[in-house]
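I opened this entry to look up strand pairing and helix packing. The structure comes first, then my notes.

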Amino acid sequence: MNQELIKRLREKESKMIEIRRYLHEHPELSFHETETPQYIADFYKEKDCDVETNVGPNGVKVTIDSGKSGKTIAIRADFDALPIEEQTGLSFASKNKGVMHACGHDAHTAYMLILGETLIEMKEQFKGKVVIIHQPAEEMPPGGAQGMIKDGVLDGVDHVLGAHVMSTMEAGKVFYKEGYVQTGRAYFKLVVQGKGGHGSSPHMANDAIVAGSNFVTTAQTVVSRRLNPFETGVVTIGSFDGKGQFNVIKDQIEIEGDVRALTDQTRDTIQQELTRIVKGIEETFGVTCEFEFKKDYPALYNDPEFTSYVAETIKNAQIDDIKGVEICEPQPPSEDFAFYATELPSTFIYSGAAPEDGDIYPHHHPKFNINESSMLVAAEAVGTVVLDYLT
């Protein structure tokens with residue numbers, strides 16, 4: 001049965017690439033997806049499956065029911081793009097100014113559509129159900145996963161499996177890791193209120209820039225001096241809004257930043273320490289502060305037992321297109337697949353997509369591109385697990 005799956009997928013690889021390139025030309029931003037979900041829903045028309053639209057909203061849920069009792073596995077692909085002006089020079093570059101598929105979600109959707117079509121064709125050969133989660137808004141908090149979960153996309157599901165193409169990983173290989181595999185994320189904003197005044201008379205004012213600058217430097221000690229060296233944490237100051245007149249002491253500034261942590265406990269520790277620093281700045285500089293710390297995506301945890309099963313299943317299939325199945329290091333970016341993993345034992349794997357020629361650009365770069373063979377590898381890997389699990 002798996003040989004039949006691989007044969008069908010290989011025969012459709014050109015169609016997979018065609019779909020990816022069409023989607024790449026027509027990217028849509030998170031929470032503003034309209035044409036993409038319609039394209040996905042139209043693809044499944046006349047096919048023997050159940051299609052639900054406006055899940056989340058903007059999401060599409062596809063259920064492939066074999067008609068025989070059994071387990072249910074969900075497989076997920078996201079389809080939103082980023083607010084980036086594309087600089088790849090590709091013949092199928094984005095036609096939507098300032099919007100680009102710079103993370104590979106076009107490839108995720110393309111491989112999943114072809115895999116879904118193939119599983120529909122083969123559904124007489126397995127038991128149970130496959131739920132395909134075509135998810136919007138992965139890139140923008142609060143993300144699209146929570147809305148789809150709230151609308152019941154996981155009802156009756158036993159496990160969730162996702163895959164991401166990675167331009168920084170060797171093409172032809174599948175990568176995985178048990179346990180925590182991607183960081184959780186949080187946003188913070190600090191407003192420092194001092195007292196404005198003349199640049200020549202600082203003793204009659206209270207400089208918010210000085211107080212804010214102290215926060216910027218002290219915040220960097222949280223990771224170096226408050227976290228266990230074996231914990232992963234990052235505190236980034238992305239915005240310091242203190243612009244004003246050169247000879248005027250600012251009375252108020254705003255600072256915004258980003259936190260990443262490989263466990264939710266580490267993220268909580270960072271929040272606690274930043275809050276303590278803010279209180280210290282109020283006392284030290286005599287300013288008042290408003291501090292907001294907003295958690296969005298949790299850390300992504302790959303269930304060890306299910307992840308081991310997924311990796312061994314792909315290895316044992318001995319698929320020619322897959323050159324290896326290897327353990328990888330944890331990935332610094334965050335991923336809202338983590339919400340599925342907090343609900344059910346889930347696994348998120350990676351399909352290496354480093355281009356064969358030219359420079360390799362990271363995800364979210366205006367010149368980001370992938371080796372399109374990574375889509376077939378992702379489809380074969382995910383499809384192999386689905387068939388094995390449901391037989």
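I count two strands as paired if DSSP finds at least two bridges between them. The model is predicted, and I kept that in mind throughout.

**Entry 1: S4 and its partners**

I started with strand S4, residues 129-135. Which strand runs antiparallel to S4? I found strand S2 (residues 59-65), joined to S4 by six bridges. In this pairing I looked up Lys-61, and its bridge partner in S4 is Ile-133.

I then turned to strand S3, residues 72-78. S3 pairs with S4 in the parallel sense, over seven bridges. I noted two positions here. Arg-76 stands opposite Ile-133 of S4. Ile-73 has Val-130 of S4 as its bridge partner. Ile-133 thus appears in both of my lookups, with Lys-61 and with Arg-76.

A general reminder to myself: strands of a sheet pair through backbone hydrogen bonds, either parallel or antiparallel.

Is S4 buried or exposed? I used the cut-off of under 20% relative accessible area for buried. Six of the seven S4 residues are buried, so the strand is largely enclosed by the rest of the structure.

**Entry 2: the whole sheet**

Next I traced the sheet from edge to edge. It is an open sheet of eight strands with mixed pairing, and the order reads S1-S2-S4-S3-S5-S16-S6-S15. Which strands lie at the edges? They are S1 (50-55) and S15 (324-327), and each pairs on one side only. I also checked the twist. Neighbouring strands are turned by 25° against each other on average, direction ignored.

**Entry 3: helices on the sheet**

I looked for helices that pack here. Helix H4 (residues 105-121) packs on the sheet and touches S2, S3, S4 and S5 (159-166). The direction of H4 makes about 145° with that of S3.

Helix H11 (residues 373-389) lies across S3, S4, S5, S6 (173-176) and S16 (346-352). H11 runs at about 165° to S3.

**Entry 4: H2 against H3**

Last, I took up a helix pair. H2 (residues 13-25) and H3 (residues 35-43) pack at an angle of about 155°, with axes 12 Å apart. The cut-off for roughly antiparallel is over 145 degrees, and H2 and H3 are therefore roughly antiparallel to each other. The crossing of H2 past H3 is right-handed.

I listed the contact residues. H2 gives Lys-15, Ile-19, Tyr-22 and Leu-23, and H3 gives Thr-36, Tyr-39 and Phe-43. By class, the contact has five nonpolar residues, one polar and one charged.

How values were computed: Residues are numbered from 1 along each chain as its sequence is written. This is a predicted model: local features need pLDDT of at least 70, side-chain atom pairs count only at pLDDT 80 or more; totals for chains, interfaces and linings use all residues. Side-chain values use heavy atoms; hydrogens and water are left out. Axes are lines fitted to C-alpha atoms, for helices over the stretch in contact, and angles run from 0 to 180 degrees between N-to-C directions. Helices (H or I, at least four residues) and strands (E, at least two) are DSSP runs, numbered from the N terminus. Angles under 35 degrees count as roughly parallel, over 145 as roughly antiparallel, 65 to 115 as roughly perpendicular and the rest as oblique. A crossing is left-handed if the near helix is turned anticlockwise from the far one by less than a right angle, and right-handed if clockwise. Contact means heavy atoms within 4.5 Å. Ala, Val, Leu, Ile, Met, Phe, Trp, Tyr, Cys and Pro count as nonpolar, Asp, Glu, Lys and Arg as charged, and the others, Gly among them, as polar. Buried means under 20% relative accessible area, exposed over 50%, partly exposed in between (1.4 Å probe, protein chains only).
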